[in-house]
There are 4 protein chains.
Amino acid sequence: MSEDTRIPRDKENDYSDEWATNRRDFIKAKTGADLKHIGKYSIDPTVLPGNVENFIGTIQMPVGVAGPLRINGEDAKGEFYIPLATTEGTLVASYSRGMRVINECGGVKTTVVEQYMQRAPAFLFDDARDARKFGHWVKDNIEDIRKAAESTTSVGKLIHIQQWSVAKTLYLRFNFTTGDAAGQNMVGKATLMACEWIKRAYPGSRYLLSGNMDTDKKHSHLNMLHTRGKRVIAEIVIKKEVLAAIMKVDTRNLAKATVLANTGAMMAGAAYNGPHSANGIASIFIATGQDEANVVESHAGLLSAELLDNDDFYMAVTLPSLIVATYGGGTGLPTQRECLEMMDCYGTGKANKFAEIVAATVLAGDISLGCAVIAGDWVSSHDQMGRNRT
Amino acid sequence: MSEDTRIPRDKENDYSDEWATNRRDFIKAKTGADLKHIGKYSIDPTVLPGNVENFIGTIQMPVGVAGPLRINGEDAKGEFYIPLATTEGTLVASYSRGMRVINECGGVKTTVVEQYMQRAPAFLFDDARDARKFGHWVKDNIEDIRKAAESTTSVGKLIHIQQWSVAKTLYLRFNFTTGDAAGQNMVGKATLMACEWIKRAYPGSRYLLSGNMDTDKKHSHLNMLHTRGKRVIAEIVIKKEVLAAIMKVDTRNLAKATVLANTGAMMAGAAYNGPHSANGIASIFIATGQDEANVVESHAGLLSAELLDNDDFYMAVTLPSLIVATYGGGTGLPTQRECLEMMDCYGTGKANKFAEIVAATVLAGDISLGCAVIAGDWVSSHDQMGRNRT
Amino acid sequence: MSEDTRIPRDKENDYSDEWATNRRDFIKAKTGADLKHIGKYSIDPTVLPGNVENFIGTIQMPVGVAGPLRINGEDAKGEFYIPLATTEGTLVASYSRGMRVINECGGVKTTVVEQYMQRAPAFLFDDARDARKFGHWVKDNIEDIRKAAESTTSVGKLIHIQQWSVAKTLYLRFNFTTGDAAGQNMVGKATLMACEWIKRAYPGSRYLLSGNMDTDKKHSHLNMLHTRGKRVIAEIVIKKEVLAAIMKVDTRNLAKATVLANTGAMMAGAAYNGPHSANGIASIFIATGQDEANVVESHAGLLSAELLDNDDFYMAVTLPSLIVATYGGGTGLPTQRECLEMMDCYGTGKANKFAEIVAATVLAGDISLGCAVIAGDWVSSHDQMGRNRT
Amino acid sequence: MSEDTRIPRDKENDYSDEWATNRRDFIKAKTGADLKHIGKYSIDPTVLPGNVENFIGTIQMPVGVAGPLRINGEDAKGEFYIPLATTEGTLVASYSRGMRVINECGGVKTTVVEQYMQRAPAFLFDDARDARKFGHWVKDNIEDIRKAAESTTSVGKLIHIQQWSVAKTLYLRFNFTTGDAAGQNMVGKATLMACEWIKRAYPGSRYLLSGNMDTDKKHSHLNMLHTRGKRVIAEIVIKKEVLAAIMKVDTRNLAKATVLANTGAMMAGAAYNGPHSANGIASIFIATGQDEANVVESHAGLLSAELLDNDDFYMAVTLPSLIVATYGGGTGLPTQRECLEMMDCYGTGKANKFAEIVAATVLAGDISLGCAVIAGDWVSSHDQMGRNRT
């Protein structure tokens, strides 16, 4: 390839307005595209190392604010305004409507039940027996392995190592707690150190640092079962009258629609059985500088519903693998940090609080869209119409 | 709730700097957070209706440019520079490295093989026989149903309707082509019109507009099988020498690692068996104003690999449900549009081209990360080291 | 291997008591096991060609009879006695109890909604575009392909061919109706003939007769979606009083338990969300000479439940891939045929009737076990106990 | 229902020829079916309590013997003759052919790596926090829970309890070892006892004995990950020359076909990626008195393959949830016991040995059918034909 197609970079001063401009000029020369809006950023490029390479400017993603959302969490307590970065019209309005329902019912209760981050190397042996023998050795030497892993981090703690044998391979899955960071890099580094220690301590061991049992940057049934990130639950009892007043939907109809949706989700083999966890998660993630690709792991979950004897309606969203951080990554970028700050979620000690807010927001969105589908579309014979619309 | 917690809005002039400022002030008053960076946007708020509500400003998401990437597509032909909006360090660098491999091997071949967008109502009957009878009626009346559906759109075409019986419910899945729009709203509106026509034409029919068989805003095995968006394939034959020179990896080792990764993915029940489709897709989606939540459907796929007789390495990524648009939604926002324009992908007639570019980018990223895992971490006994490292 | 370890066979007269005895003697000589009971069969070995090789005798599997079971099907009408071959104590008793519930509620309604049998070859090309081009050709030449396929069978009809592109491979899935046979061999032969015709008609085409998209002899999500065998639904409205009287369970508690079980099944990624479809299916399959391995495809399904306004309880089992035959295979063996005959299900024109009976039986078993779990184990606080037990 | 439709039973002497005859006569009177062959059993009905109710006779399922099969297991060592109860022609012949390949290559290596049997109750609370609190209590009180559980069994050992939170429910999964029994009833009883102890010890706890996370009598992804029964691996290196001589297939072609099959299985969402584990498992299970419904859990697995540098071919089958017993259930019935005895697998201390034999048999069948698909059907252009057929 001739030199002149290469994107210009500077070894010393690359994170600068000058070199961003140089690259925009280069792109314009090569493609004809005038990147004038992309160049109209207000952030200081010197904060960007560790967040991006070949910086040319910024996308301006509109942010709408939804709320307030009353949360009765363990870490998130009170009313919150939720920043949603989106280009999808009605999204903010829809989530806001669900939040109104929640508030009128006294708020949403949120609970973080578990948290882990993983790296899952695959160890290769000559046969299944050697792999099994190694597995026993790993159990027996967990303390030394832990010491090696934790030598790379002051935050990460190796909690346990899962094992799976397939043919002559032993897949290990190192489970860490990672404080308020998402922790993928932290646990990657720690696991590498542990594997290198193992390689020296266990003659003949060979490994691949990831055998896709992490599973990183993709949804998996494994992540549905075994928390990657945080397992968070948001619950509410929706009062029949509130739903009727705000959403124009009867709780009995919502209960029936829920059954249809569950069946469809099961038949489809869906990662989530509610209406649209991904919308809220993606919007908050972008607003707050989360790793945007983690939406794929985070959107999986279970929406639970129960029509109570008094026709109130219990709803709960369980997100088994919600991956969030309140420091590190993109959380410190100026606009993203402001979004975290408006929920008082920036910095250490805030990750559980933030996870609770995300789960509560997902629940709001699912109440809203779940009802919208019914109110507009649940069409019945004339007589039944009366019952459907309170 | 007392009035003063409500986010201020203006019925007439809400999409304005003034009201964005009012809301930022309100948030500051309520939460103490100073949203000064969020307020430093350059875009004109009057373009935002249809993209966001309760606008308070913008997230500035850094964009790095990767490339050039040589694509031998049907619509995408030549060298492209790829805008990646991300806050994850090394992402742009990693994709760039994969693109170098691709370029040195003559480019990536891309093919769009199918495209559909769906809305899937559930029709309820008194028993399974009535549901089945209705299913036959739907087949017999497809032309009228099509006419009703297509009356709401000049672009969308109803191609076929899939049917699934469960208990006394018949799930229908309306499959449309939607031109260069992603088309979720288009097909939602068209399907609603069709359902309303059906309700009148078929006495006793009741329906819920979505029974979660769409499946919208979540990954599903159904979407793995039946294209939602575009089914796109990107292929390359990687030369052994190129991989060794750029990535320091032998194709035979890459082949072995691929098998381990496939097995891990199968055991994990993963939506994708390659390293990280979601990273590239999320970054391009945000850069170009795609619906950011659609990453969850779009990241699913199959990474295929074959060690050829001459030790070159065939790789292909198949994305069955890549949901992209080149007009509508967020594509017309100033910075997002510029990102599309730098690939000459803005506007009508460009969606397939853009889909090809996304798939090619995913392949680049998977070559790069797949090799990185090996080069750094594929550790073997001393003798084997020589063979592993070319 | 030395000759004397080879199992004795006779080219001319192998299906005979003599050679069965020779082989039992051989086994005894080799292993010390005295196979005297296995040799006490009453069937005539000359009927066995096409069912088994190296015949040494028979397993005597106990058969219990359950019923009567009142079925209001389209083909199965009236009261049926169900033969269940099993070695699991309580199975017959448990299914019988569920049948009592069904009978007291007026019987079960059964409906066959769809039926197909498949063979799914994979066609290989040089790249994805060639594969796509071939796919179009297949659509254009469906009539000739059908003619070739159907030339091998007077019963099988090729209804449609599904297509999936992955990398440079096109997976085709030939869907046939097969009359009253299960039809795996029938469609295998027909598909082979069609593929051979294609190979000649489409230069450069290469194929593998099965690329695991059939999917034969294993459960798959694909089979959950696309009928392999028959898609059958069995429905009932269980009266609150009947359930209380026979099962000692309140329908409201059954409704709550169902929700828990559905959630567990979703989280587990289970092929069936009810208690134990496989028990009934395996037992009837063995009793009636079905291909015993097809239990794995056949047991998948969805158990639907709805608490009605009057506290009666609607239940339905949907089996999407129930593979049954009423002639061919093992159905004609003496004892197996008798089991079919006691349900008047032997021979042509009976397959749908038999499928209805199997689905009705599964429903009976799930009512019974579903209630047993509750009656014995659903433990609640003292106050609630009163309500739980009617 | 009038009395005369009820199947005749005798409280005192029901397991007798007399009452079997009475029931056959009853069935004949009701249905017209003459059950003369079913009545020609040789077993003594007095052995049947605990295996069947309403006994009317036996199915005579033909048994063919395959082998010898050379196994280099830890418990199974030497050459084995395998009893296969089947009505599917070619099955015995096909497995036999695969065994020949295995023997010529020196035998199959088998390894049992893990074993558990589960019962998984669901505990209900008022909210997610109460469920979480209970989960901590369970961990803290594991010793007492174990004591309660193990009080019901001298064989079963409670190894660990897994936990999953969903909404306000905590699913527990009790993992036991069960000696040489399959153990479903053993662990059901033990878990019930443990739950009753918990109910008394933990005020306010309510439970359902199974919340479908066991998962019993159905395939699940959970069982793919977490051993239910035994996790067994069977491995072999197939010599290129042997495969060519016996199967007429080149190992390189087998390697290519394997990739196609894996891709198809992944796309289909299949429980097994090889050709037909269920055939061998079902046939041995019926022959040896295993619970025939457990085929659905047992057939899941992973078939691994690797083309070695010398063109020999490593293959391994990993069965994560093979449920087998060598005493209890149907294993003691006369013909079934003889089948176990011909492998020296009857009684205590034999379950691992038997599991190894089953896995080895599955591998034989997959070698055979995998090659059959290629030899007959892998069709290529004229030039390539020569290479394909050795």
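**Close-ups of a predicted four-chain model**

**View 1. The β5–β6 hairpin of chain B.** Just two residues sit between β5(B) and β6(B), which together make a hairpin, and A167(B) in the turn shows a positive phi of about 50°. Everything here comes from a predicted model. The hairpin arms are strand β5 (residues 157–166) and its antiparallel partner β6(B), linked by nine bridges. To find your way along the pair, look for Q163(B), which is placed opposite L172(B) of β6(B).

**View 2. What else does β6(B) pair with, beginning with strand β3 (residues 108–119) of chain B?** Strand β3 runs antiparallel to β6(B), and three bridges hold the pairing. One residue match to pick out is R119(B), whose bridge partner in β6(B) is F174(B). Strand β4 (residues 122–124) of chain B is also antiparallel to β6(B), again with three bridges. Here F123(B) faces L170(B) of β6(B). How enclosed is β6 (residues 169–177) of chain B by the rest of the structure? Largely so, because eight of its nine residues are buried.

**View 3. N103(B) and its backbone partners.** This asparagine belongs to helix α2 (residues 91–104) of chain B. Is N103(B) buried or exposed? With a relative accessibility of 11%, N103(B) falls under the 20% cut-off, so it counts as buried. Its side chain has two backbone atoms to look at. On one side, a polar atom of the N103(B) side chain is 2.7 Å from the backbone oxygen of P68(B). On the other, the N103(B) side chain comes to 2.7 Å from the backbone nitrogen of R70(B).

**View 4. Two cis peptide bonds, in chains C and D.** As background, most peptide bonds are trans. In chain D, the bond from G67(D) to P68(D) is cis, with omega near 5°. P68(D) is part of strand β1 (residues 55–72) of that chain. In chain C, D214(C) and T215(C) are joined by a cis bond too, and omega there is about -25°. T215(C) sits in the loop that runs between β7 (206–208) and α6 (221–225) of chain C.

**View 5. Positive phi outside glycine: T90(A) and N212(D).** Most residues other than glycine have a negative phi. T90(A) has a positive one, near 80°. You'll find T90(A) in the loop between β2 (77–85) and α2 (91–104) of chain A, where it is exposed at 52% relative accessible area. For N212(D), phi is positive as well, near 70°. N212(D) is in the loop between β7 (206–208) and α6 (221–225) of chain D. With a relative accessibility of 5%, N212(D) counts as buried.

**View 6. How the copies are laid on one another.** Take chain B onto chain A: a 180° turn and a 0.0 Å shift along the axis give an RMSD of 0.0 Å. The two copies are therefore related as by a two-fold rotation axis. Laying chain B on chain D also takes a turn of 180° and a shift of 0.0 Å along the axis, with an RMSD of 0.0 Å. For that chain B and D axis, the C-alpha of chain B nearest to it belongs to M266(B), at 3.3 Å. Why do chains B and A meet through the same surface? Because 98% of the interface residues of chain B are interface residues in chain A as well. For chains B and D the share is 100%, so those copies also meet through the same surface.

Note on methods. Residues are numbered from 1 along each chain as its sequence is written. Chains are lettered from A and ligands numbered from 1 in the order in which they are written. Side-chain values use heavy atoms; hydrogens and water are left out. Copies are superposed by least squares on the C-alpha atoms of residues with pLDDT of at least 70 in both. Contact means heavy atoms within 4.5 Å. Helices (H or I, at least four residues) and strands (E, at least two) are DSSP runs, numbered from the N terminus. Buried means under 20% relative accessible area, exposed over 50%, partly exposed in between (1.4 Å probe, protein chains only). A polar contact is a pair of N or O atoms within 3.5 Å; within protein, one must be able to donate a hydrogen and the other to accept it, and residues adjacent in sequence count only if both atoms are side-chain atoms. Two strands pair if DSSP finds at least two bridges between them.
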